[in-house]
Amino acid sequence: MSRIGIAATAAYLPERWAAAAEIAAASGIPEQVLVEKFGLRGKHVAAEDEHVSDMSVQAAYALLDERGIDPESIDCVLYFGSMWKDYAVWQAAPWIAHRLGCSRAFAVEYDNVSCGSPVALRVGRALLASEPELETVLMVAACRESHLLDYGNERSRFMFNFGDGAVAALLAKEAPNELLASHAITDGSFSLQVKVPGHGSVEPDGYPYLDVADPGSMKDGLDAVSLPNFVAAAEGALARSGATLADVSYLCGIHMKRSMHRALCVALGLDESRAAYLDDTGHMSGVDPLLALDRAARAGKLERGDLVLLLAAGTGYTWAASVVRWG
């Protein structure tokens with residue numbers, strides 16, 4: 001089988017940036033708590049007329065333009081971003097492919113929550129491995145969840161770090177940064193905790209913002225399993241890659257509260273300087289790990305041969321990991 005890897009990445013962040021002080025004023029949570037405990041200095045907020053397809057196109061344009069890639073050379077456009085898109089019951093991937101000029105590409109929709117990046121890498125790699133005629137998969141994702149927040153709803157306060165942005169990654173055969181293996185763990189007992197209750201078939205006229213059914217029960221349950229499941233997902237992906245935690249050089253994870261980030265670094269045996277922390281963007285659904293990878297690469301933090309761990313968790317609840325050998 002041909003080596004499959006990440007050939008390029010790029011990102012897009014909306015122009016407007018809401019500092020922690022602005023979020024504090026809207027939520028009633030002290031600015032110091034947002035910065036020190038939530039780990040949030042601020043986040044980007046999409047304009048009212050800026051949707052996930054728009055942000056995905058911007059990130060993909062940046063990638064294609066920077067690398068001089070002809071859009072017509074792309075075989076597949078895979079959208080793996082937020083489920084809250086421009087329209088309900090609608091696929092963003094075909095529209096994104098059309099706007100980019102990827103006229104040869106077929107479109108795949110894998111809209112997801114915060115576990116998006118590692119699982120999308122797994123799906124994209126499987127596509128390329130299983131179909132010899134495919135050479136490239138352009139992966140795009142965006143999040144606009146800042147507009148799904150009700151800052152007056154204390155049940156959802158752990159999501160007040162949600163921001164907006166997009167990322168793109170090009171998977172290709174014989175690419176320099178080899179995508180090794182992935183692993184995921186799901187605990188469906190948390191499935192109904194986090195959701196937008198309204199606008200689905202159960203409650204078509206219900207509450208239109210993100211909500212948590214039982215915050216106390218969810219916290220108690222997740223406190224017991226989150227860290228072990230993060231580690232198990234990482235170990236699973238590494239084992240499939242012929243590696244162990246001791247081999248990891250850099251962590252690209254999702255944005256989380258500072259205490260959990262520090263505990264995760266300790267559990268993985270990584271110094272915090274070797275772990276991305278997106279305190280200027282907050283959490284952007286499935287975007288985070290690939291955005292962290294793009295930033296680390298551009299900042300020169302990755303060296304040839306480094307094992308990079310992309311690690312995420314998403315409501316549902318799924319913990320997922322993918323491993324990349326940097327080239």
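His199 sits in the loop that runs between strand 9 (194-195) and strand 10 (211-212). Keep in mind that this is a predicted model. The phi of His199 is near 75°, a positive value in a residue other than glycine. His199 also counts as exposed, because its relative accessible area is 62% and the cut-off for exposed is over 50%.

Ser285 makes a nice companion case. Here too phi is positive, about 50°, although Ser285 is not a glycine. You'll find Ser285 in the loop between helix 7 and helix 8. With a relative accessibility of 4%, Ser285 counts as buried.

Stay in that loop for a moment, since Ala276 lies between helix 7 (258-268) and helix 8 (288-298) as well. Ala276 is buried, with a relative accessible area of 14%. What does Ala276 touch, leaving out residues up to four places away in sequence? The contacts are Tyr250, Leu251, His261 and Ala292. The C-alpha atoms of Ala276 and Cys252 are separated by 5.5 Å, while the two residues are 24 apart along the chain.

Now for helix 3. This helix covers residues 52-67, and its 16 residues should span 22 Å at 1.5 Å a residue; the end C-alpha atoms turn out to be 23 Å apart, which agrees. Right after helix 3 comes Gly68, with a positive phi near 65°.

Plenty of helix 3 is tucked away. Its buried residues are Val52, Ser53, Asp54, Met55, Ser56, Val57, Ala59, Ala60, Leu63 and Leu64. As background, an α-helix has 3.6 residues a turn, so residues three or four places apart point the same way. And what covers those buried residues of helix 3? The cover includes strand 1 (4-12), strand 4 (76-79), helix 4 (93-100), strand 6 (136-144) and strand 7 (164-173).

Zoom in on Ser56, which belongs to helix 3. Ser56 is buried, because its relative accessible area is 0% and buried means under 20%. Apart from residues up to four places away in sequence, Ser56 touches Tyr79, Ile96, Val140, Ala141, Ala142 and Ala166.

Next, a look at how some strands line up. Strand 1 pairs with strand 8 (residues 177-186) in the antiparallel sense, over 2 bridges. Ile6 has Asn177 in strand 8 as its bridge partner. Strand 8 also runs antiparallel to strand 13 (residues 318-325), and 7 bridges join these two. Within strand 13, Ala321 stands opposite His183.

Just ahead of strand 13 there's something else to spot. Tyr317 is found in the loop between strand 12 (307-314) and strand 13. The peptide bond leading from Gly316 to Tyr317 is cis, with omega near 0°.

That brings us to the rings. How many aromatic pairs does the structure hold? The count is 5, and the table shows two of them.

| Pair | Arrangement | Centre to centre | Angle between planes |
|---|---|---|---|
| Tyr151 and Phe160 | edge-to-face | 5.0 Å | 65° |
| Tyr317 and Trp319 | tilted | 5.3 Å | 40° |

Are the members of these pairs buried or exposed? Tyr151 counts as partly exposed at 21% relative accessibility, whereas Phe160 is buried with a relative accessible area of 1%. Tyr317 is buried at 11%, and Trp319 is buried as well, at 0% relative accessibility. Ring pairs also bring in Phe190, linking Phe190, Tyr317 and Trp319 into a cluster.

Notes. Residues numbered from 1 in each chain as written. Predicted model: local features only at pLDDT ≥ 70, side-chain atom pairs only at ≥ 80, totals over all residues. Heavy atoms only, no water. Helix = DSSP H or I, 4+ residues; strand = E, 2+ residues; numbered from the N terminus. Expected span 1.5 Å × (residues − 1). Buried < 20%, exposed > 50% of the residue type's maximum accessible area, 1.4 Å probe, protein only. Contact = heavy atoms within 4.5 Å. Pairing = 2+ DSSP bridges. Phe/Tyr/Trp six-rings, centres within 6.5 Å; stacked < 30°, edge-to-face > 60°.
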